[in-house]
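Visitor: Got a minute to walk me through this one? I'd like to start with the metal sites.

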Amino acid sequence: MSRPRAAGAADSRCPSCAAPVLAQWVGDRAALRITADLTPLTPEQQAAVRTPNRLIWCLVQTRHGTPRLRWLSRWHPPDCPHRHVTEHRCTAAPTTLF
Ligand SMILES: [Zn+2]
Ligand SMILES: [Zn+2]
């Protein structure tokens with residue numbers, strides 16, 4: 001890949017707006033590439049963004065300290081101790097990738 005960042009970088013940032021994000025393949029067969037904001041959402045914000053076209057993810061830390069996005073199902077515990085984040089919607093510039 002043509003990633004200029006050296007291996008071992010702790011975080012990733014959106015190339016457009018430099019917001020801290022986490023890009024990860026999720027799903028049963030790593031079918032979906034998600035770029036999630038690392039800013040945790042308040043319960044009010046979660047209710048606001050929980051629309052058919054915007055997903056919320058549960059950000060858990062593995063034993064090795066690696067952040068991992070988990071699908072937030074309908075029966076997700078409301079008192080979940082992990083951070084809940086949503087997909088990064090870049091506001092810096094219109095995307096010209098596609
Ligand atoms: Zn959770
Ligand atoms: Zn961005």
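**Metal sites and sheet**

Guide: Sure. In this predicted model, the zinc ion (ligand 2) has the protein donors Cys14 (SG), Cys17 (SG), His88 (NE2) and Cys90 (SG), at 2.1 to 2.4 Å.

Visitor: What arrangement do the four donor atoms make around the zinc ion (ligand 2)?

Guide: Tetrahedral, because the angles they subtend run from 99 to 125 degrees. The cut-off asks for all angles between 85 and 135 degrees.

Visitor: How are those donor residues spaced in sequence?

Guide: The pattern for the zinc ion (ligand 2) is C-x2-C-x70-H-x1-C.

Visitor: Is Cys14 buried or exposed?

Guide: Buried, since its relative accessible area is 10% and the limit is under 20%. Cys17 comes out at 29%, so Cys17 is partly exposed.

Visitor: On to the zinc ion (ligand 1). Which protein donors does it have?

Guide: Cys58 (SG), His76 (NE2), Cys80 (SG) and His84 (NE2), lying 2.0 to 2.3 Å from the ion. Their spacing along the chain is C-x17-H-x3-C-x3-H.

Visitor: And what angles do the four donor atoms subtend there?

Guide: 104 to 114 degrees, so the zinc ion (ligand 1) is tetrahedral too. The ideal is 109.5 degrees for four tetrahedral donors. His76 is buried at 15% relative accessibility, and Cys80 is buried at 14%.

Visitor: Change of topic. What order do the strands of the open sheet have?

Guide: E1-E2-E3, three strands with antiparallel pairing. E1 (12-13) and E3 (32-37) are the edge strands, each pairing on one side only.

Visitor: How many bridges join E1 and E2?

Guide: Two, with E2 covering residues 20-26. Arg13 sits opposite Pro20 of E2.

Notes:
Residues numbered from 1 in each chain as written. Chains lettered and ligands numbered in written order. Predicted model: local features only at pLDDT ≥ 70, side-chain atom pairs only at ≥ 80, totals over all residues. Heavy atoms only, no water. Donors = N, O, S within 2.8 Å, 3.2 Å for Na, K, Ca; no water. Tetrahedral: all angles 85-135°; square planar, octahedral: opposite > 155°, others 65-115°. Buried < 20%, exposed > 50% of the residue type's maximum accessible area, 1.4 Å probe, protein only. Pairing = 2+ DSSP bridges. Helix = DSSP H or I, 4+ residues; strand = E, 2+ residues; numbered from the N terminus.
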